[in-house]
Amino acid sequence: MREQPQKHGKPFFQSAAIARKLLAHRDSAQSAAFLARAALGLGRVWLVTGSGVVDEPLRTLLEEARQALGDTEGFLQAKVLARLAAESHGTMPYEQRQELSHKAVAMARRLGDTPTLVYTLCAWH
């Protein structure tokens with residue numbers, strides 16, 4: 001699959017670079033959240049354009065955000081898991097994507113956050 005170019009992603013990649021520097025100097029939840037927000041800000045129309053095109057820089061950034069967030073329970077973690085599952089079509093086995101999706105939906109339900117639940121359900125595999 002071909003990579004989708006990030007036409008308007010420069011500010012988000014710049015934000016991610018700043019977050020990486022912050023994480024390198026001090027591992028904080030705030031820095032991890034900053035990285036997650038940068039990743040989620042990229043390619044906002046993913047629900048509409050799910051054309052099977054793999055955006056590898058975005059996928060890599062989402063995985064990095066997932067690792068930075070660790071085992072935290074929160075709306076950012078749920079959204080990152082859901083988005084990673086959706087963006088990994090064709091690069092990750094179906095079972096693994098399904099596990100990420102289920103984990104994201106379950107987390108959103110535990111949080112009781114309706115917008116996060118809607119987001120994760122839209123990415124469900």
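**Exercise 1. The core**

Which residues touch the most other members of the largest nonpolar core?

Solution. Start with the ground rules. This is a predicted model, where local features need pLDDT of at least 70, side-chain atom pairs count only at pLDDT 80 or more, and totals for chains, interfaces and linings use all residues. Residues are numbered from 1 along each chain as its sequence is written, and side-chain values use heavy atoms, with hydrogens and water left out.

Step 1. Fix the terms. Buried means under 20% relative accessible area, exposed over 50%, and partly exposed in between (1.4 Å probe, protein chains only). A nonpolar core is a set of buried Ala, Val, Leu, Ile, Met, Phe, Trp, Tyr and Cys residues joined through side-chain atoms within 4.5 Å.

Step 2. Read off the hubs. The largest nonpolar core has 29 residues, and Leu 35, Leu 62 and Val 80 touch the most other members. At least two residues of this core come from each of α1 (10-25), α2 (29-41), α3 (56-69), α4 (75-87) and α5.

Step 3. Look around Leu 62. Contact means heavy atoms within 4.5 Å. Neighbours within four places in sequence aside, Leu 62 is in contact with Ala 39, Leu 40, Val 80, Arg 83, Leu 84 and Glu 87.

Step 4. Place this in context. In soluble globular proteins, nonpolar side chains tend to be buried together.

**Exercise 2. The overall build**

State how many helices and strands the protein has, and how much of it is buried.

Solution. Step 1. Count elements. Helices (H or I, at least four residues) and strands (E, at least two) are DSSP runs, numbered from the N terminus. The protein has 6 helices and 0 strands.

Step 2. Check burial. Of the 125 residues, 38% are buried.

Step 3. Check the surface. Accessible areas come from the Shrake-Rupley method with a 1.4 Å probe; for residues, only the protein chains shown count as cover. The accessible surface is about 7100 Å², and carbon and sulfur atoms own 56% of it.

Step 4. Check the contact range. Take the contacts with a separation of 6 or more: residues 24 or more positions apart account for 62% of them.

**Exercise 3. Two helices, two faces**

Find the buried and exposed residues of α1 and α5.

Solution. Step 1. Check α1. The expected span of a helix is 1.5 Å times one less than its number of residues. With 16 residues, α1 reaches 23 Å from its first C-alpha to its last, close to the expected 22 Å.

Step 2. Sort its residues. Ala 16, Ala 19 and Leu 23 of α1 are buried. They lie on the same side of α1 because they cover an arc of only 65 degrees around the axis. The arc is that of the directions from the helix axis to the C-beta atoms. Lys 10, Lys 21, Ala 24 and His 25 are exposed on the other side of α1. The buried residues of α1 pack against α2 and α3.

Step 3. Repeat for α5. Its 18 residues reach 26 Å from first C-alpha to last, close to the 26 Å expected. Buried here are Arg 97, Leu 100, Ser 101, Ala 104, Val 105, Met 107 and Ala 108. Their arc is only 160 degrees around the axis, so they sit on the same side of α5. On the other side of α5, Glu 95, Glu 99, Arg 109 and Arg 110 are exposed. The buried residues of α5 pack against α3, α4 and α6 (114-122).

Step 4. Look past the end. Just after α5, Gly 112 takes a positive phi of about 70 degrees.

**Exercise 4. Salt bridges**

How many salt bridges does the count come to?

Solution. Step 1. Apply the rule. A salt bridge is a side-chain nitrogen of Lys or Arg within 4 Å of a carboxyl oxygen of Asp or Glu. The count comes to 5.

Step 2. Take the pair in α3. Arg 66 and Glu 63 form a salt bridge, with the closest N and O atoms 3.5 Å apart. Both lie in helix α3, 3 residues apart, about one turn of the helix.

Step 3. Take the pair in α4. The side chains of Glu 87 and Arg 83 meet in a salt bridge at 3.2 Å, N to O. Both residues are buried.

Step 4. Take the distant pair. Arg 110 and Glu 73 meet at 2.5 Å, N to O. This pair links distant parts of the chain: Arg 110 is in helix α5, Glu 73 is in the loop between α3 and α4, and they are 37 residues apart.
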